[in-house]
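Please open the model in your viewer and keep a selection tool at hand, since this tour proceeds from one selection to the next. At each stop the text says what to pick and what can be found there.

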Amino acid sequence: MKHCDILSYQYFGTPLLSRPDMTVMYFTALAALMVILVASYQNPSGSLPPLPMPFRVPLDPRGELQLAWNISYAKQEIYMELKAAELRHGLVLGMSDRGELTNADLVVLWDSGTKSFFGDAWSDGNGRVSLDSQQDYELIEARRKSGGFYLLFKRPFSTCDPRDYLIEDGTVHVIYGFLDRPLTSLDQLNLSQIHTGIQRVLMLRPDTPSPSLPPDVQTLDVVAPKVTIPSQETTYWCFIHKLPENMPKNHIVMYESVITPGNEAIVHHIEVFECDPDTREVPRYSGSCDDKMKPGKLDLCRHVLAAWAMGAEAFYYPADAGLAMGGPTSSRFLRLEVHYHNPLLISGRLDSSGIRLHYTPSLRRYDAGIMELGLVYTPIMAIPPKQHSFYLSGYCTSKCTKTALPPRGIFVFASQLHTHLAGRAVRTVLVRGDKEIELVQEDQHFSTHYQTIRVLRNMVNVLPGDVLVTKCTFNTEDRSKPTVGGFGIMEEMCVNYIHYYPRTQLELCKSHVDPGYLQKYFNFINRFHGNEQCVCGEPGVTEQYSQIQWDPFSTEVLDSLYNTAPISMHCNQSTAHLFPVRLQIINNNLTPLKVHVMLFSPISICPKNPKNIIFEVYFPKLACFPEF
């Protein structure tokens, strides 16, 4: 075996050992670490998870750098494998709040010219890199295998190091970089001066086994029709798929992505929408979703059936539920939407990516349903300009759930969070009485560029009379005008599409502030700022927001209004009609919910013996590997 095939390492700062001693030390350390690795992978049943690692994502647009990982909830550790098709003088992998190169938690493999090292590092506010005094990334193996160079390492979810990133549920913004020259000291590295990129993933995934598929399962591919990917950075491509005539009711029990080989690093995310069942015909279309000449009826295809994002695995429905497709109450038309991210402006690439639906004619016990929570799409709710963090909350009230849900309630098993460009975080909690009793879904690093359906680790039982509160955090520091709610990308939304069973007639359970109280706010703020112009009933809400003189006082009063003024509740059936007359009272003024007992944030488990050492990797030089 060539010396380059397996790379040994020792702790930095200890005397260098002879080659035979190093070999013994390496295999002893590796054996010990592999024992830890295998033990931590064990699940409660005692069996090992499948290898190679089940979760993986290409990091760069060419697919030359790939990240794979596995999770040990028992040990609260994550194991990562980084594969590079070509290695020059080192690599950088990191995590930061929103993918910034500054104030990032990093792990670096670098070449000093004569030796190579692996260590935990961080970047400051200018992108300059320094070794971390607490080394929390532990190298397990570095070797050349078929197809490239591999690094296997691990770290805890939480290190209690203020310079480290807390790995938690929700989106993780992964940054990467390539080193093209040796570094005599890591202090010479500035991330702004090397080739870098960003990828978004869900690091933490449910550890529950997937249900088995029924023997009579069939498949339906909803895919792009050999589209030539435009040579531009961002494209949303829409395609109308027509289901077979007189297709009977089936249950979708699983779906997965179908990605054209070679396009894995370009196809960013995919969604399939069901069109309005009352629309008898939807024109055939294959083209840009942003084309102003596209058929207007495409906008009637908004009911999400499936959603996939880069790095997501197959989506399974619970064993006793399935999503209805076909039959007299379903549409015969589906809209496929594929997001192509092509920063290298590659031209002439054909694509037939999409979603493969696995369905069965043997109906399961329950129909699954999708319900919208959060804020109504209306300009009544707005975010002032120049805000670092501004909060808006939408309510699904107890009166709505008491009327619309069955006696045993519903079971939420997945959700899809949604905002537009200003959204930074989304959180939905279940409130019973005046107590928050369960977190439904939360993403403190949410990005509108990474939206997928997320399976909950534990299903949430929502009972009649419960309240669901969806709170969104927005950042408008880069905007000089207020941002109102609406469908436009520069407008905002605050939504959680929860997936649940058994399906009910309740499809939308959302709120907004009472318009009358908002008008009182406009009148008060205008008088306060000396603007006596009458705005009563004449300008629209959007114009009135734009006329406000925005200062800290105007912002603070608006925030107080949203938190204390009565709300208008929308409790809609799947037909878009309100529930029966006896429920009409909920559309009158309601006071926002006052929660007296909040959920506690989980306590981080800190490593018992944090290290302050780095690994020195022994091999002649990185360039000893042959070129690919």
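The tour starts with the whole chain and then moves through individual residues and pairs.

**The whole chain**

Begin with everything selected, bearing in mind that this is a predicted model. The protein chain holds five helices and 38 strands, and buried residues account for 52% of its 628 residues. If you compute the accessible surface, expect about 28,300 Å² for the protein chain, with 54% of that area belonging to carbon and sulfur atoms. A contact map is also worth drawing at this stage: of the contacts between residues at least 6 apart in sequence, 77% join residues at least 24 apart.

**Colour by confidence**

Next, colour the chain by pLDDT, for which the mean is 83, with 82% of the residues reaching 70 or more. Which elements have the lowest and the highest mean pLDDT? Helix H1 (residues 19-41) has the lowest, at 35, whereas strand E33 (residues 467-474) has the highest, at 97. Now select residues 1-51, over which pLDDT stays under 50, and for which the model has 88 contacts beyond four places in sequence. Residues 618-628 deserve a selection of their own, as pLDDT stays under 50 there too, and the model has 32 contacts beyond four places in sequence for this stretch.

**Thr 483 and its surroundings**

Move to Thr 483, which lies in strand E34 (residues 483-484). Is Thr 483 buried or exposed? With a relative accessibility of 2%, Thr 483 counts as buried, because the cut-off for that class is under 20%. Show its side chain together with that of Arg 479, and a polar contact of 3.0 Å between the two can be drawn. Then expand the selection to the residues that Thr 483 touches beyond four places in sequence, which are Met 381, Ala 382, Ile 383, Thr 476, Met 490, Glu 491 and Glu 492.

**A nonpolar patch**

Met 490, one of the residues touched by Thr 483, leads to the next stop. Select Met 490 with Leu 421 and Ile 489, which form a nonpolar patch on the surface with about 260 Å² of accessible area together. Within this patch, Ile 489 sits in the loop between E34 and strand E35 (495-501), and its relative accessibility of 48% makes Ile 489 partly exposed.

**Gln 519 and Gln 544**

Now pick Gln 519 in helix H3 (residues 515-528) and add Gln 544, which is 25 residues away along the chain. A distance monitor between their C-alpha atoms should read 9.1 Å, while the side chains of Gln 519 and Gln 544 make a polar contact of 3.0 Å.

**Salt bridges**

How many salt bridges are there to look for? The count comes to 18, and a few of them are visited here.

Select Glu 86 and Arg 88, which form a salt bridge whose closest N and O atoms are 3.5 Å apart. Glu 86 is partly exposed at 25% relative accessibility, and Arg 88 is likewise classed as partly exposed, at 44%.

Continue to Arg 427 and Glu 442, where the closest N and O atoms of the salt bridge are 3.3 Å apart. This pair links distant parts of the chain, with Arg 427 in strand E30 (residues 423-432) and Glu 442 in strand E31 (residues 435-443), 15 residues apart. Arg 427 is partly exposed, with a relative accessible area of 22%, and Glu 442 counts as partly exposed at 22% as well.

Keep the salt-bridge display on and select Lys 242, Glu 245, Glu 281 and Arg 332, which are joined into one network by salt bridges that share partners. Inside this group, the side chains of Lys 242 and Glu 245 meet at 3.3 Å, N to O, and Lys 242 is partly exposed, with a relative accessible area of 31%.

**Last stop: Thr 279**

Finish at Thr 279, in the loop between strand E17 (267-274) and strand E18 (286-288). Although placed in a loop, Thr 279 counts as buried, at 12% relative accessibility. Leaving aside residues up to four places away in sequence, Thr 279 touches Lys 297 and Leu 300, so both can be added to the selection to complete the view.

Conventions: Residues are numbered from 1 along each chain as its sequence is written. This is a predicted model: local features need pLDDT of at least 70, side-chain atom pairs count only at pLDDT 80 or more; totals for chains, interfaces and linings use all residues. Side-chain values use heavy atoms; hydrogens and water are left out. Helices (H or I, at least four residues) and strands (E, at least two) are DSSP runs, numbered from the N terminus. Buried means under 20% relative accessible area, exposed over 50%, partly exposed in between (1.4 Å probe, protein chains only). A polar contact is a pair of N or O atoms within 3.5 Å; within protein, one must be able to donate a hydrogen and the other to accept it, and residues adjacent in sequence count only if both atoms are side-chain atoms. Contact means heavy atoms within 4.5 Å. pLDDT is the predictor's confidence in each residue, from 0 to 100. Accessible areas come from the Shrake-Rupley method with a 1.4 Å probe; for residues, only the protein chains shown count as cover. Patches are made of residues with over 30% relative accessible area and no salt bridge: like charges are joined within 9 Å, nonpolar side chains (Val, Leu, Ile, Met, Phe, Trp, Tyr) within 5 Å. A salt bridge is a side-chain nitrogen of Lys or Arg within 4 Å of a carboxyl oxygen of Asp or Glu.
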